[in-house]
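Here's a quick briefing on what sits inside this fold, with an eye on aromatic pairs and one polar side chain. Have a look at the model first, then read on.

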Amino acid sequence: ANAEEDVNIVLKGGVEYSISGGTTIPATTKTVRFVTGLTLEGNARFTQGGGFAIGKNGADVEKIVFEKIDFISDKAKAMSDINANTDKNWGGRQVFNINGVGSILKNLTFKDCTITGYRAVVRGQTNTDNIHNVTMENCTINGIGDQGVLTNADKGGDWKTVTLKNCTFTNIVMLCDFRKTANPLEVNIQNCTFCYAPLET
C-alpha cells in the first residue's frame with residue numbers, strides 16, 4: 001500500500017519470506033524500514049526471484065532501509081554449495097533493481113544483513129535510475145556475479161555517494177561498476193574485508 005508517512009515493517013525472526021520479481025515500493029513512500037524483530041531465531045530471510053524496485057514517473061522516495069535481513073536468491077538457495085557456482089551472472093538476480101522508472105531514491109541502506117548469490121546487489125539500468133546514497137554497514141556479501149555488488153554501468157544515473165563500512169565481501173566477480181554517473185560519485189570504503197574478490201575468472 002502507499003505509505004505517505006514513515007513505516008517500519010517488523011519481520012519475524014527465522015521466517016522465510018518469498019519476494020517475487022518487481023516488488024515495488026510505492027511512489028509516495030517517505031521512509032520504509034524492513035527489520036527483524038527481537039528474536040532468538042535469527043534474522044528473517046528474503047528468498048528472491050527478482051529485485052525490489054520503486055514506483056515510476058516522478059517518485060521521490062526518502063529512504064529504504066533493510067536491517068537484520070538475510071537475502072538469498074532462489075538460484076543460490078537451490079544449490080548445496082554456492083561457492084562451487086561457475087555461472088558468473090547468477091541467473092540475472094538482483095536484490096534491488098531499478099529499470100527506467102524516472103524516479104529518485106535518496107537513500108538506500110543495508111545494515112547487519114547477509115546477501116548471498118546474486119548477479120548484483122543494487123542495479124540501476126538507465127540514466128533515469130537515480131539512487132543518491134547507498135550505504136552498506138556490518139554486512140556480509142558472498143557470491144556476487146559480473147554486474148558487481150553495486151552498478152549503474154555506463155548509463156549515467158544520478159548516484160552521489162556509496163559507503164561500505166565494516167563489511168565482508170567474498171567470492172565476488174566485481175565490487176562496483178560506475179563507468180558513467182550524472183555527477184561526480186564519492187565512494188567511501190572503511191574497515192572492510194575482501195576475500196576472493198575479485199574472482200580470478
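A residue counts as buried here when its relative accessible area is under 20%, and as exposed when that is over 50%. Keep in mind that this is a predicted model. With that cut-off in hand, Phe34 is buried, and Phe66 is too.

**Aromatic pairs**

- Ring centres within 6.5 Å make a pair, and by this rule the model has 13 aromatic pairs.
- Take Phe34 and Phe66: their ring centres are 5.3 Å apart and the planes sit at 10 degrees, so this pair is stacked.
- That stack links distant parts of the chain, with Phe34 in strand E4 (residues 31-36) and Phe66 in strand E7 (residues 60-67), 32 residues apart.
- Phe46 and Phe71 go the other way: with centres 5.5 Å apart and planes at 85 degrees, they are edge-to-face, because planes over 60 degrees apart get that label.
- Phe46 belongs to strand E5 (residues 44-48) and Phe71 to strand E8 (residues 69-73), so this pair ties together parts 25 residues apart in sequence.
- Phe46 has a relative accessible area of 3%, so it is buried, and Phe71, at 1%, is buried as well.
- Zooming out, one aromatic cluster is formed by Tyr17, Phe34, Phe46, Phe52, Phe66, Phe71, Phe96 and Phe110.

**The nonpolar core**

- In soluble globular proteins, nonpolar side chains tend to be buried together.
- The largest nonpolar core in this model has 43 residues.
- Which of its members touch the most other members? Those are Ile64, Phe66, Phe71, Phe96, Phe110, Val121 and Leu150.
- Val121 has a long contact list even without residues up to four places away in sequence: Gln94, Val95, Phe96, Phe110, Ile115, Met136, Ile141, Ile144, Gly148 and Val149.

**Asn142, a buried polar residue**

- Asn142 is part of strand E13 (residues 140-153).
- Is Asn142 buried or exposed? Its relative accessible area is 14%, so it falls on the buried side.
- Which side chains does the Asn142 side chain meet through polar contacts? One is that of Thr170, at 2.7 Å, and another is that of Asn171, at 2.8 Å.
- Setting aside neighbours within four places in sequence, Asn142 is in contact with Ile82, Asn83, Ile115, Thr116, Gly117, Thr170 and Asn171.
- Ile115 turns up again among the contacts of Val121.

Technical notes. Residues numbered from 1 in each chain as written. Predicted model: local features only at pLDDT ≥ 70, side-chain atom pairs only at ≥ 80, totals over all residues. Heavy atoms only, no water. Helix = DSSP H or I, 4+ residues; strand = E, 2+ residues; numbered from the N terminus. Buried < 20%, exposed > 50% of the residue type's maximum accessible area, 1.4 Å probe, protein only. Polar contact = N/O pair within 3.5 Å; in protein donor to acceptor, adjacent residues only side chain to side chain. Contact = heavy atoms within 4.5 Å. Core = buried A, V, L, I, M, F, W, Y, C linked by side-chain atoms within 4.5 Å. Phe/Tyr/Trp six-rings, centres within 6.5 Å; stacked < 30°, edge-to-face > 60°.
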